[in-house]
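Reader: I would like a close look at a single part of this model. Please take it slowly and explain each term.

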Amino acid sequence: MAAPELQLFISPGSCATAAYALLIESGLPFSTKIINVFEGFPAEALHLNPKGRVPILHVNGEIITEMPAIMMAIAQLVPDRKFLGETNMETIRCYEWFSFLSGELHTLGYYPVFRPHYFIDDQDTCKELRNRGLEKVGRYYGMIEDKIKGLHAVGDGFTAADVYLLPFYRWGIAWGFAMKEKYPKYTALIENLVQRESVKKACEIDGMEPLSADLLKLPKLLVK
Ligand SMILES: N[C@@H](CCC(=O)N[C@@H](CS)C(=O)NCC(=O)O)C(=O)O
């Protein structure tokens, strides 16, 4: 069977690193394109995703957006790798993670932190919104910590849920959360995960170590 034609659109330091790592992990050949979203999704790239978000995955001409769908698309391309777990219940647990990470932690928690101006113009209110977002993110990290039982998010092996937990951990360090001290199980999972060659390679586009506290300085490092 011919290899699928794959292209992934990513932005350094973003949530798209998770999809990038999973695609590398799949071993399939693919190309990447960078859309720098640090100051917002560029208008000239909206034709690629009118929702204005990365990651975006092209599979044989199909355009797939939204991380949970992208994770599923990658997993289906390499079913033997069991990226969605070994059993039906593990697949359900992967979806539980995806939905929580995408809908709650990313959208409700981190959007007010990174993009308070998407909600309100007033600068003081933006600051207040960011602080509320950070409080919420801290609570979500606590929930993640409670949910993690071992070195993997689901079952005893690597799944897409593990890599999806990575960008949020990295952002936590960058926003000054005491990740190691407050969330030891989450830390152990991530420290184990970043040993994988796929994850190291995916983080290389940021030009810094996977768990660098400087992640938010990226916009200054990148040439637009
Ligand atoms: N619901 C989307 C959200 C993706 C998302 O928010 N991506 C961020 C990068 S981490 C983005 O593209 N932001 C563009 C912007 O803030 O304008 C998903 O789960 O894939």
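How does the distance between the end C-alpha atoms of helix 4 agree with the span that its residues should give, and why? Please also say what is around helix 4 and what the sheet looks like.

Author: This is a predicted model, in which local features need pLDDT of at least 70 and side-chain atom pairs count only at pLDDT 80 or more, while totals for chains, interfaces and linings use all residues. Residues are numbered from 1 along each chain as its sequence is written, and side-chain values use heavy atoms, with hydrogens and water left out.

Helices are DSSP runs of H or I with at least four residues, strands are runs of E with at least two, and both are numbered from the N terminus. Helix 4 covers residues 123-147, which is 25 residues. The expected span is 1.5 Å times one less than the number of residues. For helix 4 that should be 36 Å, and the end C-alpha atoms are 36 Å apart, so the two agree.

Some residues of helix 4 are buried, among them Cys126, Leu134, Tyr140 and Glu145 (buried means under 20% relative accessible area, with a 1.4 Å probe and protein chains only). What covers the buried residues includes helix 3 (88-114), helix 5 (160-174), helix 6 (179-182) and helix 7 (184-193).

Now the sheet. An open sheet is formed by 4 strands in the order 2-1-3-4, with mixed pairing (two strands pair if DSSP finds at least two bridges between them). Strand 2 (31-34) and strand 4 (62-65) are the edge strands, each pairing on one side only. Strand 1 (residues 6-10) pairs with strand 3 (residues 56-59) in the antiparallel sense over 4 bridges. There, Phe9 stands opposite Ile56 in strand 3.

Definitions and conventions:
Buried < 20%, exposed > 50% of the residue type's maximum accessible area, 1.4 Å probe, protein only. Contact = heavy atoms within 4.5 Å.
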